[in-house]
Amino acid sequence: MDTNIESHLKETRVFQPSPAFAKKARIGSLTKYRRLYRESIAHPEKFWAREAKELTWQKPWNKVLEWKAPFAKWFVGGRLNVAENCLDRHLHGSRRNKAAIIWEGEPGEKRVLTYQQLHRDVCRFANVLKRNKIGKGDRVIIYLPTIPEAAIAMLACARIGAVHSVVFGGFSADSIRDRIADCGATAAITADGSYRRGAIVPLKHNVDEALKGKTSIKRVIVFRRAGNDIHIEEGRDVWWHRELEYVDANCPAVALDSEHPLYILYTSGSTGKPKGILHTTGGYLVGTHTTYKYVFDLRDEDIYWCTADVGWVTGHSYVVYGPLAAGATTFMYEGAPNWPEPDRFWRIIEEYAVSILYTAPTAIRTFIRWGDEWVKKHDLSSLRLLGSVGEPINPEAWMWYHKVIGGGRCPIVDTWWQTETGAIMITPLPGATPTKPGSATLPFFGIDAAVVDEKGREVGPNVGGKLIVRRPWPSMLRSIYGDRSRYKKQYWSEFKGSYFTSDGARRDKDGYFWIVGRIDDVLNVAGHRLGTSEIESALVSHPKVAEAAAVGRPDEIKGQGVVVFVTLKSGVTPTPNLKNELRSHVGTQIGAIAKPDEVRFAEALPKTRSGKIMRRLLKEIASGQTVTGDTTTLEDFNVLAKLGSAEE
Ligand code: PRX
């Protein structure tokens, strides 16, 4: 049997970079991209070394790469400090007084921190860490909302060589406890509470719960954010603002080995216990800095807003480290997009004249559902570039983003990458790459990505297969914390010498990558292997559909039958007729083979906290089972309860 994934979706629209954008861009044509890409693949070490030289090294490296597969060391022997590169490096010229972070709290407070101010705050807080006996190599849990203090805490750790592990503020006490236990953290940094849709999330209380019983945590530093009542455990807990009274702002950046751990970030994957993805210092910084500069084609006057929470890798690489290393102004917003009204994002863009917006398909589909009138109330003419990350973006969602948010004038960079890759891997460059809605387009410099069959052979145009990366890159994960054999097995055992992404993809005749979904989610219908994203995109292209998730359920004849869960746009009534209409729509868009056996309407789909649809849970529901898998990353349990009785 043919085990390749079939691909049926035919998207023919192409958008050329505008000449005006291309003229100013670092990479202003496809020819230039192709030439540089070829060079970067022929001599990757030369390419990365050239980029690394733009950063400040306290001691130069002796060797760019040491590769003992699957373990890589980048910039071997070099010493540097990430906080120094994100802060001190910008203090000498005109950037000193440039806004580094502009922040808005959910209730509406506004703060601006210049590079000079942020540097001072980070130095002082790093001294607070030292005062509390936190030092090089110690693991520190950060459980904070998206407030400037989250960046300050991360950078302060980096400054002294402590290893941070940020836990998303929406996770529960149990998740915090598991992560502390896994990495043996000795300190935690949190806040009394944070704001979400007008309510207060009791962060400190969750930490207290997580620390009950045996724990390695000796110190908890608490930032006062929401003013809610909290318990202070004498001898263990201290207030952030009180500690600042004891320190000065003199804190030299420690010269750290290029391979010194920078952070551990837990990612759940589809099953099993969360993996602590380990990123180190030099390679990670070179990767995030280089991609940030080229992909967002940063101008000094940009106001850049990545809407990710600091608890995700996108928050690490493209809210904090990439932008600050590049001397950008990074905007942070603490709260929900529909507080107090569904136009909060557009209000922010208008007020701060945001020029680059980087968000996720799940958010875009939600905005479509809420209706264009919320967007139309605001002047979004400051935008010049849009980005997407986290899931395949359905072509119709791409078109909406392009037209309604971008006013038809902004390039869209659909960036494919993972917590494990640390930085963007497949992406358009906005002045160079013609874009096709739904495709992440071409690999970034130095990234040798390929689509292969079961035997690891590269497949031809438009044949689906597994997405792999055939050589190491600087920002790659170095291991799963404390489990080198799981690292080897999970990522490097399927195809010898190559990194397996767990994603399915195809390349079209122009070499463009189309991600068709996670391999675990691929459907097998009558011997045809279908990626989930194409069926979902076909449904989303129907004018009444807001979101869709496709899953398989056992079928005696076909092996698997296709069940789709669909949420409709506001105001649309679910009817049996509409179900038939949607089945035929998929049939015309893709072909009879992909026609859903069953269409189920749902008020909402189960998603992870970072907005990814949890198909694994839907699969269980579709086959009539009770949900047994891990649900700790589920965003809203009510959604699941409602789906159990999904039929209207
Ligand atoms: O399946 C791919 C999808 O998200 C996965 C990585 O998730 P995570 O580690 O949480 O990191 C998210 C932020 C980088 C990938 O394996 N994914 C991410 N970006 C895209 C994508 N799928 C298609 N297109 C993208 N642009």
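**Close-up views of a predicted model**

**View 1. A cis proline between two strands.** Pro70 sits in the loop that runs between strand 2 and strand 3. The model shown here is a predicted one. The peptide bond leading from Ala69 into Pro70 is cis, and its omega is near 0°.

**View 2. The second largest pocket, with strand 3 in its lining.** Stay in this region for a look at a pocket of about 260 Å³, the second largest. It is lined by 13 residues, and those closest to its centre are Phe71, Ala72, Lys73, Arg478 and Arg484. Two or more lining residues come from each of strand 2 (63-68), strand 3 (71-76), strand 16 (275-280) and strand 24 (479-480). Strand 3 makes the greatest contribution to this lining, giving 3 residues. Sorted by class, the lining of the second largest pocket holds 6 charged, 4 nonpolar and 3 polar residues.

**View 3. The ligand and the residues around it.** Here the ligand is shown with its shell of 16 residues, of which Asp414, Thr415, Thr419, Asp503 and Arg518 come nearest. Helix 11 (313-325) and strand 26 (513-518) each give at least two residues to this shell. Its members divide into 6 nonpolar, 5 polar and 5 charged residues.

**View 4. Polar atoms facing the ligand.** Which distance separates a ligand nitrogen from the side chain of Asp414? An N or O atom of that side chain is 2.7 Å from a nitrogen atom of the ligand. A polar backbone atom of Glu391 is 3.3 Å from a ligand nitrogen. For an oxygen atom of the ligand, look to Lys612, which places a polar side-chain atom 3.1 Å away. On its own the ligand has 540 Å² of accessible area, and the protein covers 90% of it.

**View 5. The largest cavity.** The structure contains 7 cavities of 30 Å³ or more, and the volume of the largest is about 90 Å³. Its lining is made of 13 residues, with Leu9, Gly438, Trp514, Ile515 and Ser533 nearest the centre. Strand 26 and helix 17 (532-540) are the elements that give two or more residues to this lining. Strand 26 also supplies at least two residues of the ligand shell. By class, the cavity lining has 7 nonpolar, 4 polar and 2 charged residues.

**View 6. A salt bridge between distant parts of the chain.** Side chains of opposite charge can pair when their charged atoms come close. Asp297 and Arg26 form a salt bridge, with 3.1 Å between the closest N and O atoms. Asp297 belongs to the loop between helix 10 (282-295) and strand 17 (303-306), while Arg26 belongs to the loop between helix 1 (19-24) and helix 2 (30-42), and the two are 271 residues apart. The count of salt bridges in the model is 49.

**View 7. Ser493 after helix 16.** Ser493 is in the loop between helix 16 (484-492) and strand 25 (499-507). Its side chain reaches the backbone oxygen of Lys489 at 2.6 Å. Lys63 is 430 residues away from Ser493 along the chain, and 27 Å separates their C-alpha atoms.

**View 8. Backbone details on either side of helix 12.** Trp339 and Pro340 are joined by a cis peptide bond with omega about -5°. Pro340 lies in the loop between strand 18 (329-333) and helix 12 (344-352). In the loop between helix 12 and strand 19 (356-359) you will find Ala353. Although Ala353 is not a glycine, its phi is positive, at about 55°.

Definitions and conventions
Residues numbered from 1 in each chain as written. Predicted model: local features only at pLDDT ≥ 70, side-chain atom pairs only at ≥ 80, totals over all residues. Heavy atoms only, no water. Near = heavy atom within 4 Å. Polar contact = N/O pair within 3.5 Å; in protein donor to acceptor, adjacent residues only side chain to side chain. Areas by Shrake-Rupley, 256 points an atom, 1.4 Å probe, with all protein chains shown as cover. Helix = DSSP H or I, 4+ residues; strand = E, 2+ residues; numbered from the N terminus. Nonpolar A, V, L, I, M, F, W, Y, C, P; charged D, E, K, R; others polar. 1 Å grid on protein atoms, 1.4 Å probe; cavity = no way out; pocket = protein on both sides within 12 Å on 5 of 7 lines; lining within 4 Å. Points joined across faces, edges and corners; volume = space filled by probe spheres on them. Salt bridge = Lys/Arg side-chain N within 4 Å of Asp/Glu carboxyl O.
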